[in-house]
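Some labels put on residues rest on a cut-off. The questions below ask how each label was reached.

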Amino acid sequence: MATVKKSKKKVIAIVCVVLAIVIAVTSIIIVTKSKSGAEVSLHTIATEDIIETVSLTGTVSAGTSKEYKVGTVATVKEVFVKVGDNVKKGDVLATFDVSNLDGQINSLQASYNESLKAYNSAVDAQKTAQSKSDALAPKIAELQKLVAEMEKGNYPTTEAKKTTKTTAKATAAKATTTTAAKNTTYKADDVPTLPSDFNPSLPDIELTTSPQPSLGGLSDAIEELNQTLTKLTNDIATLTETTQIIATTIVELSGSLDNEAIADRLVQNLIESGIAEDMAKQIVAAIDIEEFAKAVANSENAQLTAAQVQLLSLEGQKALFDVQADGTLVNAQKKSVNATKQALDILKEQKQSLSEGWVAAFDGTITAVDVTPDVQTTMLSSGITLENLDTMAVKLSLGEYDLHKVKVGMEATVTTAYGTYKGEVTSIAPTATGGSSSSILDSVGSMAGISGLSSLTDSGAGVECIVSIPETDENITAGFDANVEIQTGEYLGVTAVPIGSIKLEKEGAFVYLYNAEEGEVTKTPIEIGASSVTSYQVKSGLNVGDQIVSAPASDYEDDTFKVKVVTK
């Protein structure tokens, strides 16, 4: 039994030794592997030729084509061609009865005349309103200065008032009583003297020692008054004088006469100032005498109240003139005139064209006919299409990222299902089209009770580009698609990097540059330029002979780390 126990101890010892050896070897392998880093293959930077291209798909069409459209409602008399007919330049394609267009032209002409008249009136009104506003500005400034002085207790002296030209003196003389009769007046020695050039036009009323009155709802009444005055007269002097007579009369008569009596006195005073009786009655009818009277009743200072009322009225008149002087109405009328004129010109051109009939502009083939004898056309009719099929072209749509690369005159390669042809960019439209097609489609669809038509089309905007194909054969057919590759640049002997070696991020383009001495790679920013199918031009960040990771992984956690170079 003792021998057996000894043997078991030896076995356990041997197992422990073996486990220790295994653990040690495993640790060495793990450490060695971690020190060697990730396995990568390298690419050595060199120079190469980069041919930059833009690849697009377009529709083949005739090199020369003309689409005849009616563009209005007319009756077709005769059609002389059908699809497939070959015609010569000058051949008549169709004729029309245009007798019904005269009424349309006369109606549009009347609309244009009215629009032009309204535009000219708006221009005149704008100029007049601006002139009135400019004329009121100095009068308002003078009154503002006077009111500010009076609010401080600085009133015009008796001598200053005597030299003032005012149309309100006659009104004051007619008043049976004045507010001054019930107020405490200044003594002559208490009245400060203003500069000699301070000469406002205000009523000759006794001065009092009261605070600034509260005008309350008076502003609404004055606003109505201003609107009435500006409708009744165009003369600034008349406006100013009328406002002054109204303010003076109400200020002097408030508290002594009832509203009806004040209104009668107002009409009388306005008539005596030279205003027609009907006009005077209209003006007085627009005045809220009660609001004026309340404002005056709450104040013991009639002279300051009169000045404030007149200032408020003139400021309101100027505000009305400023609105009328704004160019918004003139601009709207001008747009209306231009739109009506454009429609009129188009209709006249259509009548002239249809009267002469449609005539072939060049030798070619009729490829579409959408008009029928004795049938009225519509603005949506396609008409007749004439094409010269001896030359071909591909119509493309350039997006905003390709537009700046493609130029007229660049060479192109056109590939169809049956062959490859040389081409050249012959035209690029000045503006993008197609961006608004969705709204048009949805508007038309809504009239038919259909929604979402725009979702069935590509409504993104693009710039039309035409690539001509000077040499064609029977294998290229109008209406079919073709692939076009336009050569946009040639860069010879430039430093280049494979596309697969670059990581493109929001911050820019990066590669992992290899350091042989350290056995590690570092994430390095580079500036890229032209590109081909396989490579990018490197403008900065790398030199010929540098080594980079040929295919960096997407899960690198560090910007710099050890690597193990392998050959693939």
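The questions and answers that follow concern a predicted model.

Q: Why is Thr385 called buried?
A: Buried means under 20% relative accessible area. Thr385 has 14% relative accessibility, so Thr385 counts as buried.

Q: Where is Thr385 placed, and with which residues is Thr385 in contact, leaving aside its neighbours within four places in sequence?
A: Thr385 is in strand β9, residues 384-398. With those neighbours set aside, the contacts of Thr385 are Lys66, Glu67, Thr365, Ile366, Thr367 and Ala368.

Q: Why is Glu557 called exposed?
A: The label exposed calls for over 50% relative accessible area. Glu557 has 76%, so the label applies. Glu557 lies in the loop between β18 (547-549) and β19 (560-565).

Q: Which residues gather with Glu557 in a patch of negative charge on the surface?
A: Asp555, Asp558 and Asp559 gather there with Glu557. Asp and Glu count as negative, so the charge of the patch is called negative.

Q: What makes the pair Asp102 and Lys351 a salt bridge?
A: The cut-off is a side-chain nitrogen of Lys or Arg within 4 Å of a carboxyl oxygen of Asp or Glu. The N to O distance between the side chains of Asp102 and Lys351 is 2.4 Å, so the pair qualifies. Asp102 is in helix α2 (residues 101-151) and Lys351 in helix α11 (residues 328-356), so the salt bridge ties together parts 249 residues apart in sequence.

Q: Why is Asp102 called partly exposed?
A: Partly exposed covers what lies between under 20% and over 50%. Asp102 has 34% relative accessibility and therefore counts as partly exposed. Lys351, with a relative accessible area of 25%, is partly exposed as well.

Q: How do you know that Lys281 and Glu277 form a salt bridge?
A: Their side chains meet at 3.1 Å, N to O, which is within 4 Å, so the pair counts. Both residues lie in helix α8 (residues 277-285), four residues apart, about one turn of the helix. Lys281 is partly exposed at 45% relative accessibility, and Glu277 is partly exposed at 43%.

Q: What makes Lys318 and Asp322 a salt bridge?
A: Their closest N and O atoms are 3.3 Å apart, within the 4 Å cut-off, so the pair is a salt bridge. Lys318 and Asp322 are four residues apart in helix α10 (residues 302-325), so about one helical turn separates them.

Q: How many salt bridges does the structure hold?
A: The structure holds seven, among them the one between Lys318 and Asp322.

Terms used
Residues numbered from 1 in each chain as written. Predicted model: local features only at pLDDT ≥ 70, side-chain atom pairs only at ≥ 80, totals over all residues. Heavy atoms only, no water. Patch = residues over 30% accessible without salt bridge, like charges linked within 9 Å, V, L, I, M, F, W, Y side chains within 5 Å. Areas by Shrake-Rupley, 256 points an atom, 1.4 Å probe, with all protein chains shown as cover. Charge placed at Lys NZ, Arg CZ, Asp CG, Glu CD. Helix = DSSP H or I, 4+ residues; strand = E, 2+ residues; numbered from the N terminus. Buried < 20%, exposed > 50% of the residue type's maximum accessible area, 1.4 Å probe, protein only. Contact = heavy atoms within 4.5 Å.
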